[in-house]
Amino acid sequence: MLAFVVPFICLLAAPSSGQRAEGPRRRFEYKHSFKGPHLILKDGSIPFWTHHGNALPRSDQVRIVPSIRSQSGSVWTKNRIAFVNWEIEVVFRITGRNRIGADGLAVWYSKEQGPAGPVYGAADQWNGVGIFFDTFDNDGGKNNPIVLVVVNDGQITYDHMTDGASQALGWCLRDYRNSYQAVRVRIRYYQKALQVYLNLGRADVDENYELCTEVTDVNLPLGGHFGVSSATGAVADDHDVLSFVTFSLTDPGTLDTSIQGQQAQGEDEYQKEYDRFEKDLEKRKNEFQKQHPELSTPDEDAFETESQRELQMVLSGQTIVREELRKLREKLVDAFEEHKRHSEHVSKLSRDRQTSTTMREVEQDANAERLAIVLNGQKKTAKQMQDIGMNIEDIASKMKLSQQSLKTMVSVMDQFGEIKEHIHIAKKDVDSLLNAEVQHLSCPKALPVPSCLSMWHFLVFIVLQSVFVFYYLIHRNRRETNSKKYY
């Protein structure tokens with residue numbers, strides 16, 4: 001027997017055994033971030049950020065320095081950092097036409113802003129950490145482009161001649177200049193450990209980030225600023241920052257005290273604002289009802305109920321199923337017709353072979369038996385297909401009956417709604433009549449109706465009636481007399 005198999009695709013998601021332990025909780029900090037496509041305001045400034053030097057903010061990115069010699073620029077956050085642990089994701093691009101580039105780009109966390117200076121366009125002797133993307137080989141070590149992590153307590157002068165190699169606490173070699181895709185760097189400072197991850201691929205997924213370097217026991221000052229700076233020398237590249245996104249980090253299950261205070265303050269402000277809007281809305285509703293007493297809010301019966309919506313959904317689903325069954329039945333009919341034509345063709349060939357020659361009777365008998373077996377199998381298949389078609393017709397008829405019953409239920413429910421609405425309108429009319437003032441109105445006196453029959457008319461009518469009765473009696477007497485003559 002042929003059977004229909006209806007596939008149901010079930011998506012089962014199970015956690016893998018190799019999942020990582022729960023990491024720190026991240027909270028987006030919009031006052032320390034910027035990102036396109038609407039990056040700048042109408043006056044050309046970046047919200048919550050300042051730009052200095054030759055930096056050129058645009059709607060989709062910030063060009064820290066253009067590809068012009070001896071230029072420098074930087075962008076810095078206006079507000080200080082109110083959290084201890086943080087993570088930043090910077091997307092940048094360094095491009096140039098020359099074989100070598102200069103000078104590079106720096107990502108900063110510093111106690112004070114350094115809008116200008118000799119270290120990649122920012123101030124020297126900073127108090128914090130700088131992550132340097134150096135593209136120019138000052139010391140001739142052929143180790144550029146390079147990524148350096150340099151921590152400073154405000155007392156150390158940066159060593160340009162060695163590209164900070166003697167002062168770097170961590171570094172890695174990556175070819176990020178003239179990359180086909182924008183370079184993504186993720187810098188995390190959590191529990192006094194600084195990690196730098198790079199992503200030179202297309203997708204912004206965790207699998208594409210690879211660890212560049214990690215530095216432990218890093219003590220950074222509290223309340224610093226984030227910044228990005230760049231500079232060019234005798235060789236120039238375009239240094240563009242597409243986005244700078246900041247997250248505050250807290251331990252799982254705990255919240256930073258500053259974040260708790262901010263959240264509590266924000267919740268109080270939102271609650272006060274909500275209460276004020278609610279009171280204002282109630283006041284306006286009362287005023288509107290006073291100005292328009294004839295209008296009233298619609299009852300719940302005027303809207304579609306959940307049961308009606310579910311019935312409509314079931315009805316539409318059954319309609320779709322019925323349509324699919326109809327299409328399947330048409331395909332089965334076509335297949336049956338094709339099978340029938342094929343069977344007739346095979347039968348015709350078998351008859352031709354049986355009458356064509358007598359030399360191969362034995363072989364023909366064997367072929368005839370095989371053909372008979374094939375024909376019997378095909379007949380059985382055709383019969384099964386007919387049974388399937390009948391089953392489909394039964395299913396379609398049952399679906400039609402269920403749809404009619406559902407439509408009847410929906411119409412009955414709609415009629416109940418209309419009856420409720422009419423009752424509600426009649427109730428309102430009765431209430432309005434009861435509330436209205438009753439005016440005592442006196443009915444007008446009836447006018448005298450003149451008589452339509454006078455005495456003269458009455459006497460004439462009596463005379464005519466008497467004549468008619470007298471004539472009728474005479475006529476009847478004559479008829480009786482004439483009838484007796486024949487007996």
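Helices and strands here are DSSP runs, at least four residues long for helices and at least two for strands, and they are numbered from the N terminus. With that in mind, welcome to this structure, which is a predicted model.

## The open sheet

A good place to start is a sheet of seven strands. This sheet is open, and its strands follow the order β3-β6-β15-β8-β9-β10-β11 with antiparallel pairing. At the two edges stand β3, residues 49–53, and β11, residues 170–173, each of which pairs on one side only. On average, neighbouring strands of the sheet are turned by 15° against each other, with direction ignored. As general background, strands of a sheet pair through backbone hydrogen bonds, either parallel or antiparallel.

Begin at the β3 edge. Five bridges link β3 to β6, the strand of residues 72–77, in the antiparallel sense. If you would like one pair to look for, T50 has W76 of β6 as its bridge partner.

Now move towards the other edge. Strand β9 covers residues 127–134 and runs antiparallel to β10, with eight bridges joining the two. Here F133 has V147 of β10 as its bridge partner. On to the edge strand: β10 pairs with β11 over four bridges, again in the antiparallel sense. In that pairing, L148 stands opposite W171 of β11.

## A closer look at β10 and N152

Strand β10 is mostly covered, with six of its eight residues buried. One residue of this strand, which spans residues 146–153, is N152. Is N152 buried or exposed? Its relative accessibility is 4%, so N152 counts as buried, the cut-off for that being under 20%.

The side chain of N152 also has backbone partners to look for. One of its polar atoms lies 2.9 Å from the backbone nitrogen of G154. The same side chain reaches the backbone nitrogen of Q155 at 3.4 Å.

## Strand β7 and its partners

Next comes strand β7, residues 85–95. Why is β7 described as largely enclosed by the rest of the structure? The reason is that nine of its 11 residues are buried.

β7 pairs with β16, the strand of residues 238–250, in the antiparallel sense over 11 bridges. There, I88 stands opposite T246 of β16. β7 also pairs with β12, antiparallel as well, over seven bridges. In this second pairing, F92 stands opposite V183 of β12.

## Salt bridges

How many salt bridges does the structure hold? There are 15 of them. Three are set out below, with the distance between the N and O atoms.

| Salt bridge | N to O distance |
|---|---|
| R27 and E29 | 3.1 Å |
| E210 and R174 | 3.1 Å |
| E323 and R326 | 2.2 Å |

Take the pair of R27 and E29 to begin with. R27 is partly exposed, with a relative accessible area of 30%, whereas E29 counts as buried at 10% relative accessibility.

In the pair of E210 and R174, the salt bridge is formed with the closest N and O atoms 3.1 Å apart. E210 belongs to strand β14, residues 210–215, while R174 sits in the loop between β11 and β12, so this pair ties together parts that are 36 residues apart in sequence. E210 counts as partly exposed at 37% relative accessibility, and R174 is partly exposed too, with a relative accessible area of 22%.

The pair of E323 and R326 lies within one element: both residues are in helix α2, residues 306–356, three residues apart, which is about one turn of the helix. E323 is partly exposed, with a relative accessible area of 34%, and R326 counts as partly exposed at 39% relative accessibility.

Salt bridges also join up into a network here. Which residues are linked in it? They are R26, E87, E89, R186 and R188.

## A nonpolar patch on the surface

To finish, turn to the surface, where M455, F458, L459, F461 and I462 form a nonpolar patch. Together these residues have about 520 Å² of accessible area. One of them, M455, has its place in helix α4, residues 455–484. With 60% relative accessibility, M455 counts as exposed, because the cut-off for exposed is over 50%.

How values were computed. Residues numbered from 1 in each chain as written. Predicted model: local features only at pLDDT ≥ 70, side-chain atom pairs only at ≥ 80, totals over all residues. Heavy atoms only, no water. Pairing = 2+ DSSP bridges. Axes fitted to C-alpha atoms, helices over the stretch in contact; angles between N-to-C directions. Patch = residues over 30% accessible without salt bridge, like charges linked within 9 Å, V, L, I, M, F, W, Y side chains within 5 Å. Areas by Shrake-Rupley, 256 points an atom, 1.4 Å probe, with all protein chains shown as cover. Salt bridge = Lys/Arg side-chain N within 4 Å of Asp/Glu carboxyl O. Buried < 20%, exposed > 50% of the residue type's maximum accessible area, 1.4 Å probe, protein only. Polar contact = N/O pair within 3.5 Å; in protein donor to acceptor, adjacent residues only side chain to side chain.
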